[in-house]
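Trainee: I would like to go through some of the terms used for this structure and ask what stands behind each one.
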Amino acid sequence: MAEQSTNKDIIDDHIDDHVDKEIQECFSKENPKCFFLFAGAGSGKTKSLIDTLTFLDKTYGKSLLINNKQIAVITYTNAACDEISRRLQYKPVFSVSTIHSFLWELVKNYQEDIREWVKQSVVTDIEELKKKQAKGRPGKTFDKRADEIQQKTKRLDKINTIKKFSYNPNGDNTGMDSLSHNEVVKMSTEFIMKEPTMQDILATKYPILLIDESQDTKKELVDALLIVCEKYKGKFTVGMFGDMMQRIYNDGKDNLDGCIPTDWEKPRKVMNHRSAVRIVNLANSIRKTVDKQEQKPRSDAEQGFVRLFIANTHADKDTVERNVASMMAKDSGDDKWNDETEYKSLILEHHMAASRFGFSDLYQPLNASGKFDTALREGSITELSTLFNIVSPLKNAYQNKDEFEIARIIKKYSPLVKRGVFLTETEDQTKTLQKADEAVEQLMKLWEGGKDPLCLGVIRAIKETKLFEMGDRTDNILEEYTEGEDEKVTALREALSVSFSELERYSDYVTGNTRFATHQGIKGLEYPRVMVIMDDAQARGFLFSYEKLFGAKAKTDTDIKNEREGKDTSITRTARLFYVVCTRAQKSLAVVAYTENVSSVKETALSNGWFSEEEIYTL
């Protein structure tokens, strides 16, 4: 095991103070430089980002605004954007956005260029699909390809009639005029890489561009930015903040730190301000298998607790995890482990939370369709978000007899009482309001006597009363299945055939109001108590394998080949993910491993120095 830090006198809590100064020097007028900041878990990466931006505002803010320029900040999630914007007091000199939003803002006005790119892209897709179809055999895959060819051909026929292409970075983008998330990234980065005009627009509009979580930034964007940095050296400064050990998505750039040009500055932070000593030592021992970087705990960090619980794959998961929480409370002397609202359970995939928290029947058809991805993870599918953002609060207000809240929701969202209706469709506002009240009463009858209506029934009632707008797909969703219909409609119809309470459980999950979160979804977050659940059998995926990482399963031939060629393997990917989830914990950490091979998991945990004998329980 890693040696534990006990001598507080030799720990300098200010060891990283010089880093922010080094970053600021990169923005000198005489010798501006791009930089890559290495910042491990809990090292204060976000603080350095905010401090840098505050410095830039004071130094260059006024002159940038006068010249209609901004400092761009790209981060990974909408939540991170909101937090950074809030901490920067929403100052107009900053443009804070996700990758997708940033790229779309850059290219959205170039509609004819977009049209030509989409046209060529669709033509290429059709050609490739037809080649595969010519070699394919009849079956599900064959039929699915035929549908794809038909849909893309239909889209190609209509491209020239589209007046304006649209894109919603936070939605599921329906309609012929809508671009997908992947299309926006691919198209925009190609424009940046190949079009001098676009490069000039980027460098002129955003002379300073800072990227948070750069290890997971789309590889295409990184490649494009490196080209612009070289071309506009001294006029376009890029700063990347990240840690390659925390790279957990496949669309990030391999070996990013090795691709950084030699003339870039590479400051490094070594202090972990977040976690207890024992958790920092565990993180260091995990890193030893990948890159041997080490962090130091703070001099005032508490000792902390880590435990590994090994259970059989076929054990009852709920019982195991309740027992683990109880044992953690006893070992750590922290009774908050006995309250499930006081610790975070990290599962590998969303469907594991769906199973544990009871929204599988809603989640599975949407996930299986493969058509919703980001929108499903973030809760932004139009029909679902309308139900849980508008109807659920209305139902709660009605049941609580909160007339003021009911009126607020109806006034804000219902087309029945919109100002235009008053002015053009009726002169009797009393009748209009009465109609809205009757629509509310009709909808609320669905919950009468403690009933739990199906979501489809709720949507049908909304359509009949015209109480809210539900989106263009509503009619199709409420009809019977027809052959050849949009796969999204089919998946939504099945998903919305569940009870409204199941939808509300899904809503609680995607808005972070349960104890569950995914291993990938908690990047950048921290919690006093963390339970990491490793369950390959339930995960169904192939990108990560805790069983291989812990020696319970042998490496595949592909693993061995990739290892030999210096490429990423499922084991190195899982080691990075394991590091990320363990370093979310501030005080205490429970790792729960479900396995067919208990002895191998224990042996690997001991031999790697991750856990000591007294820290391991077999259940």
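The talk below takes one strand with its neighbours, then a pair of helices, in a predicted model.

Trainee: What makes strand β5 "mostly covered"?
Mentor: Buried means under 20% relative accessible area. In β5, residues 237-242, 6 of the 6 residues are buried. Thr237, Gly239 and Phe241 point one way, Val238, Met240 and Gly242 point the other way, and all are buried.

Trainee: How do you know that β1 and β5 pair?
Mentor: Pairing needs at least two bridges between the strands. Strand β1, residues 35-39, has 4 bridges to β5, and the two run parallel. One of the residues to look at is Phe38, with Gly242 as its bridge partner in β5.

Trainee: What makes β4 and β5 a pair?
Mentor: The cut-off is again at least two bridges, and β4, residues 208-211, is joined to β5 over 4 bridges in the parallel sense. Met240 of β5 is the bridge partner of Ile211. Between β4 and β5 the chain passes through helix α9, residues 219-231, in a right-handed β-α-β crossover.

Trainee: Why is α5 called roughly antiparallel to α6?
Mentor: Helix α5 (residues 111-135) and helix α6 (residues 140-158) pack at an angle of about 155°, with axes 10 Å apart. Angles over 145 degrees count as roughly antiparallel, so α5 is roughly antiparallel to α6.

Trainee: Which residues make the contact?
Mentor: Among them are Val118, Val122, Ile126 and Leu129 of α5, and Phe142, Ile149 and Leu156 of α6. The crossing of α5 and α6 is left-handed.

Technical notes: Residues are numbered from 1 along each chain as its sequence is written. This is a predicted model: local features need pLDDT of at least 70, side-chain atom pairs count only at pLDDT 80 or more; totals for chains, interfaces and linings use all residues. Side-chain values use heavy atoms; hydrogens and water are left out. Buried means under 20% relative accessible area, exposed over 50%, partly exposed in between (1.4 Å probe, protein chains only). A crossover is right-handed if, with the strands pointing away from the viewer, the path from the first strand over the helix to the second runs clockwise. Axes are lines fitted to C-alpha atoms, for helices over the stretch in contact, and angles run from 0 to 180 degrees between N-to-C directions. Angles under 35 degrees count as roughly parallel, over 145 as roughly antiparallel, 65 to 115 as roughly perpendicular and the rest as oblique. A crossing is left-handed if the near helix is turned anticlockwise from the far one by less than a right angle, and right-handed if clockwise. Contact means heavy atoms within 4.5 Å.
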